[in-house]
Amino acid sequence: LILLEDPKNSDARVSLSRVISWQGRMIDALIEAEKVIKASPGNVEALVVKADVLRWKGDFAGAVSLYEEALKKGENFPARLGLSYALLYSGKKTEAIENSALLRPGNPSEEGEASKLREAIEAATKPGVKASSSGYSDSDGNRADYYSIGYGFFIRQLKTDLSYKRVDASDDVRTGNADTFYISVSKDAGVLFFDSINAGFGLSALSPDAEDSTEIGIWHVGGKARFPGAGAGLYVSKFVLTDTARLIEEGVRVLSAGLDGSYKAGTKFSVLGSYGHGDYSDDNSSDEVNVVPEYEFVKAGAYSMKAGYKFKYLDFKRNSGSGYFDPQNFVSHQVFLRLSLEKERHLFLIEPFVGNQSFDRYGKGNNDVTSGVSGRYEYKISRNAALSLRAETGDYAAGTASGFRFTQFGAGVEFRQ
């Protein structure tokens with residue numbers, strides 16, 4: 001109404017731009033902010049709104065430039081906050097820390113925003129320990145307990161993770177265990193066309209019985225590139241299947257390569273996609289395609305509701321009989337809801353789904369309705385410690401390595417120094 005009476009009212013147009021950006025209408029928000037900047041190039045509020053939109057779209061370089069332009073006019077809390085986040089998420093952690101130290105909150109709301117930024121920086125830069133355990137069972141009689149512990153730390157800009165994982169598995173005729181030791185490193189840095197790179201290596205020791213043990217080397221290399229509103233990645237890895245006692249006995253190794261991508265339109269709609277190819281040591285191979293669009297319908301305070309669709313295509317060269325799910329022409333369609341509530345120290349998340357799956361295996365065609373649900377609860381014990389509980393059940397055949405109706409539950413803890 002104000003703009004109808006006075007189209008040149010820059011304060012009203014900046015407010016409109018900010019509100020519609022919160023609604024996820026990024027293109028409209030940019031148009032309104034640029035109208036103000038065109039009429040008044042030095043308008044700090046319009047520069048900050050445009051920078052916020054670019055940051056939410058993943059254009060960190062463009063956002064940094066606008067935040068810095070706004071700060072040349074004088075210290076500004078929203079500009080300094082946004083600049084710190086843009087630097088942090090573009091991998092410039094040292095500069096993000098330096099900028100965050102310059103924040104001067106002027107009210108309780110800004111104090112809360114500064115605290116959230118400090119937590120984000122600590123999560124990305126401080127060393128920490130994670131430990132978890134979970135139990136698994138399925139309709140084919142497979143049972144397994146999984147344990148893991150890891151320590152992450154930084155050497156300059158190099159993130160290093162040391163981890164150990166243990167699997168104790170059994171079924172109606174066998175038992176087995178597997179121990180995996182792994183070290184991985186990652187770095188946010190421009191290498192070739194990648195904005196970040198990662199690599200790792202380790203050893204899996206498979207013990208299908210008390211008198212037999214096999215050690216298998218595993219590794220991975222990968223990289224990710226960021227674009228405004230999008231991202232892409234490549235990876236190559238070698239790993240061994242250890243989910244069940246039968247798989248531990250078989251010791252099937254997989255050489256896998258693939259790519260993934262993401263696109264985000266505003267704050268509400270996003271699409272994830274991936275393709276992967278695997279070569280198996282038992283003379284098998286696979287090709288897999290995943291596409292997942294999702295949309296946030298409701299965002300009201302601490303409550304959020306998203307809905308989406310998951311498509312998967314999975315095809316193996318043959319049925320190997322080695323204990324893993326190896327269908328031909330597997331196609332699944334799922335619709336899901338993701339409901340979350342975050343309040344003070346508590347986070348609740350639940351994701352039910354329903355869909356259809358069809359595939360051929362051992363000459364038999366299958367076409368079934370599938371459904372399941374997963375949930376997670378997190379409790380922030382303190383600023384540097386958190387506890388999590390999780391559970392999942394369903395009959396989605398590609399949801400596990402063995403392909404049966406399953407139930408899994410677990411717990412984890414995390415500490416940062």
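Where does Thr267 lie? I'll start there and work outwards. Thr267 sits in a loop, the one between β8, residues 253–265, and β9. Before I go on, a quick reminder that what's on the screen is a predicted model.

So, is Thr267 buried or exposed, or somewhere in between? Its relative accessibility is 26%, so we call Thr267 partly exposed; the buried class stops at under 20%, and exposed means over 50%. Now find Arg246 on the same chain. Thr267 and Arg246 are 21 residues apart in sequence, and their C-alpha atoms are separated by 44 Å.

Okay, let's zoom out. The chain has 417 residues, and 42% of them count as buried. If you box up the C-alpha atoms along the principal axes, you get roughly 80 × 45 × 40 Å. For secondary structure, we have nine helices and 16 strands.

Helices next. Two packed helices get described by two things, the angle between their axes and the distance between those axes. Let's do that for three pairs.

Pair one is α4, residues 44–56, with α5, residues 60–71. Their axes are 8 Å apart, and the packing angle is about 165°. Anything over 145 degrees goes down as roughly antiparallel, so α4 and α5 are roughly antiparallel to each other. The crossing of that pair is left-handed.

Pair two is α6, residues 77–89, with α8, residues 108–125. Here the axes come within 11 Å and cross at roughly 15°. That makes α6 roughly parallel to α8, because the cut-off for that label is under 35 degrees. α6 and α8 also make a left-handed crossing.

Pair three keeps α8 and brings in α7, which covers residues 93–100. The angle between α7 and α8 is about 155°, and the axes are 11 Å apart. So α7 runs roughly antiparallel to α8. Handedness again: the α7 and α8 crossing is left-handed. If you want one helix to keep on screen, take α8, with α6 roughly parallel to it and α7 roughly antiparallel to it.

Back to the strands, and to the second largest pocket. Its volume is about 1200 Å³. There are 46 residues lining it, and the closest ones to the centre are Glu288, Lys312, Ala398, Gly399 and Thr400. Which element gives the largest share of that lining? It's strand β9, residues 269–280, with six residues. Remember that β9 is the strand on one side of the Thr267 loop. By class, the lining breaks down into 22 nonpolar, 16 polar and eight charged residues.

Keep following the chain past β9 and you hit the loop between β9 and β10, where Asp283 sits. Asp283 has a relative accessibility of 51%, so it counts as exposed, since the line for that is over 50%. The backbone is worth a look too: phi of Asp283 is near 60°, positive in a residue that isn't glycine.

Then comes β10 itself, residues 284–300. I've picked two residues there. Ser286 is in β10, and at 6% relative accessibility it counts as buried. What's across from it in space? Try Lys317: the two are 31 residues apart in sequence, yet 6.3 Å apart from C-alpha to C-alpha.

The other one is Asp287, also in β10. Asp287 has a relative accessible area of 28%, so this one is partly exposed. Measure across to Ser163 in your viewer and the C-alpha atoms should be 29 Å apart, with the two positions 124 residues apart along the chain.

Last stop is Asn329, in strand β12, residues 328–343. Asn329 has a positive phi as well, about 55°, although it's not a glycine. With a relative accessible area of 42%, Asn329 is partly exposed. So for positive phi, the two I've shown you are Asp283, in a loop, and Asn329, in a strand.

That's my tour. Questions?

Terms used:
Residues numbered from 1 in each chain as written. Predicted model: local features only at pLDDT ≥ 70, side-chain atom pairs only at ≥ 80, totals over all residues. Heavy atoms only, no water. 1 Å grid on protein atoms, 1.4 Å probe; cavity = no way out; pocket = protein on both sides within 12 Å on 5 of 7 lines; lining within 4 Å. Points joined across faces, edges and corners; volume = space filled by probe spheres on them. Helix = DSSP H or I, 4+ residues; strand = E, 2+ residues; numbered from the N terminus. Nonpolar A, V, L, I, M, F, W, Y, C, P; charged D, E, K, R; others polar. Buried < 20%, exposed > 50% of the residue type's maximum accessible area, 1.4 Å probe, protein only. Axes fitted to C-alpha atoms, helices over the stretch in contact; angles between N-to-C directions. Parallel < 35°, antiparallel > 145°, perpendicular 65-115°, else oblique. Left-handed = near helix turned anticlockwise from the far one by under 90°.
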